[in-house]
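Visitor: Before we discuss any contact, could you put the model in front of us and then explain how each label is earned?

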Amino acid sequence: MNKKTMTLAFVAGVGMMSSCTKQLRSGIDLSNLDTEVKVGDDFYQYATGGWQKAHPLTAEYSRFGSFDVLQENNNKQLRDIIEGVAKQENKQGSIEQKIASLYNSAMDSAYLNEHGMDDLVTFLACDGYRSSEETTAQWLADVWPRMQRQGVGGMFGFYITADEKDAKNNILYVVQGGLTLGQKDYYVDEDAETRKIRDAYRKYIEDLSRHAGFGEEDVQRISDDVMRIETYLAQNSKSMTELRDPEANYNKLTYAELKEQFAGIDWDAYFQNFGISGLKEVIVGQPQAIHAAEHVLAGESAEALQNYYLWHAINMAADYVDDESRALGFAFWGGVMSGKQEDRPRWKRAVSSVEEGLGEALGQLYVAKHFPPAAKERMVQLVRNLQVALGERIDVQDWMSDETKKVAHEKLDAFYVKVGYPDEWTDYSSLEIGDSYLDNILACNEWAIKQNIEKHLNKPVDRNEWFMTPQTVNAYYNPTTNEICFPAGILQPPFFDMEADDAFNYGAIGVVIGHEMTHGFDDQGSQYDKEGNLRQWWSAEDRQRFEQRIQVMREYHDSIEVLPGLKSNGTLTLGENMADHGGLMVAFQAFENATAEHPLKNIDGFTPEQRFFLAYANVWGQNIREEEIRKRQKSDPHSLGKWRVNGQMPHMDAWYEAFGITESDPMFIPKEKRVTIW
Ligand SMILES: [Zn+2]
């Protein structure tokens, strides 16, 4: 997966808002509103307060929004498909057999609780654990390479995707990794909340290692070794914000240079383990982090390294064995990290496993049942209208020179648009699925890594590959292929409603389309040309004027308090905030174009323009826990639902006009302080 792909939202979990269809003509559900609040006081609360009240957080969720209603519905549709397949006689080796077997293995709690730990012990292959230095060395030489092929992460990672400066061809990227907690912030921040998470993490390492059968002394050593090594790697890793600078994360080397500059790693052996040979060039994303891995390899004892790797294996496998392991994992990941009170039911986890392991196989069955061809036609038309509108927005900008405008138009015309599902489906014939849940997951991991290598290594980029499955409730822009993609899963209410008028559809899915398009011109996307190459195509003066404008967005969001004393990170969320702004501007223009000759009427007491903004806000209705806000403040490039609305409206002149907002309204900001990019 290309790490730079920019999505609409971080979505964790999947339904159709049947209540939306109550009023077919406007698409706006009046019960979603909270009319006690004034629009200019808090538009988000006005537009979504009713929805929030009607959808209180259940124990299972740390955040629940309109997205999740859709996700819940998709989950049920997927479960019906899978259980239908599981009931029938399936030919061994068929896609149906694989889907059914994977799902059944995840659902078989009796097997998991009886044999789950046996599967884990076989996987860890550490019978001779600490019996001698020799067995440790043997384990590192034999078992650890096998685990890496099965998807257990080490101190760094690799993937093969488009070369950012030669976007027609794939290349291998060596990238930082090795942090169980994901972000470096968790290891280096010293605020009380982060320290609490760190302490809980250590306890989680100890609890799960103990449960996996290690003695008390070993448990202590494992947690000491893991904390020390991960902290060191974190200190030498880049933050999410630093990873947003594509130039700074692009260091192309010949393979000989890689071996010479990072001599502490046996690259030949490392790649050979994955069946990779004949590398000529690679890109090292974060050299300092790879040097840190060398340092760890050189300085730590074999036993400490084994402990570190064992922990990564145990943590990865915990979800797929007995209930106690899963409960320990949930207590930390769901409870401490997100504030969830209850794990997802087993069937949802089972659907997710099929989704992750056999996504396109499931997608093929999903679109046949749930994606009408008429929806695709209307979407394709909407995308075209948005493309025209973005072209018009480019033309009217006074900060962009004619020359840059010309190139921007070329990039816009070159967008590769994907709607619904891929033309060609992934072939799963070489993947074998049997009865053990853990073995199935490992087989899926190993197969996916192999696929990434076989399909991409030393090969040109295939633009027809999809980075999301069709049933996904999300959308993306990928800069190296200059493509925008709208999977079938998102083309449902509250995003897209075949029965609703244009005010609704332009405000909801229209903004999503515009959002993905303007990613092509955000702080990151604007650094890639129409061919997808990382190359400066703006004049220096234009770039400077652009930077001044995005600085307004950055500072505005830096000033937002997401919790008392905790500010939003305007740099981390810059690209997404710009895409929301661009999406709103472009979709509004497209909406005006589409209805210029046949203006829409007022419905349900709202003008068409008001309905446009209400439809937009409704997409972001959500409830969220404090822990989840803290987590996203560190890791999510998207603003919180509230701020995707209240952080955007004050920058939209059309919103002031639609609702008659004036200086006396708290949400008002003077014109000269508004973002003016699109
Ligand atoms: Zn986005």
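Guide: E193 forms a salt bridge with R630, the closest N and O atoms being 3.9 Å apart. E193 lies in helix 7 (residues 192-211) and R630 in helix 23 (residues 626-635), so the pair ties together parts that are 437 residues apart in sequence; helices here are DSSP runs of H or I with at least four residues, strands are runs of E with at least two, and both are numbered from the N terminus. This is a predicted model, in which local features need pLDDT of at least 70 and side-chain atom pairs count only at pLDDT 80 or more, while totals for chains, interfaces and linings use all residues. Residues are numbered from 1 along each chain as its sequence is written, and side-chain values use heavy atoms, with hydrogens and water left out.

Visitor: Why is the contact of E193 with R630 called a salt bridge?

Guide: The term requires a side-chain nitrogen of Lys or Arg within 4 Å of a carboxyl oxygen of Asp or Glu, and the closest N and O atoms of E193 and R630 are 3.9 Å apart, so the pair qualifies.

Visitor: What makes D542 buried and R545, its salt-bridge partner, partly exposed?

Guide: Buried means under 20% relative accessible area, exposed over 50%, and partly exposed in between (1.4 Å probe, protein chains only). D542 has 0% and is therefore buried, whereas R545, at 31%, counts as partly exposed.

Visitor: Which residues are joined with E193 into one network?

Guide: Salt bridges that share partners link E193 with K196, E626 and R630.
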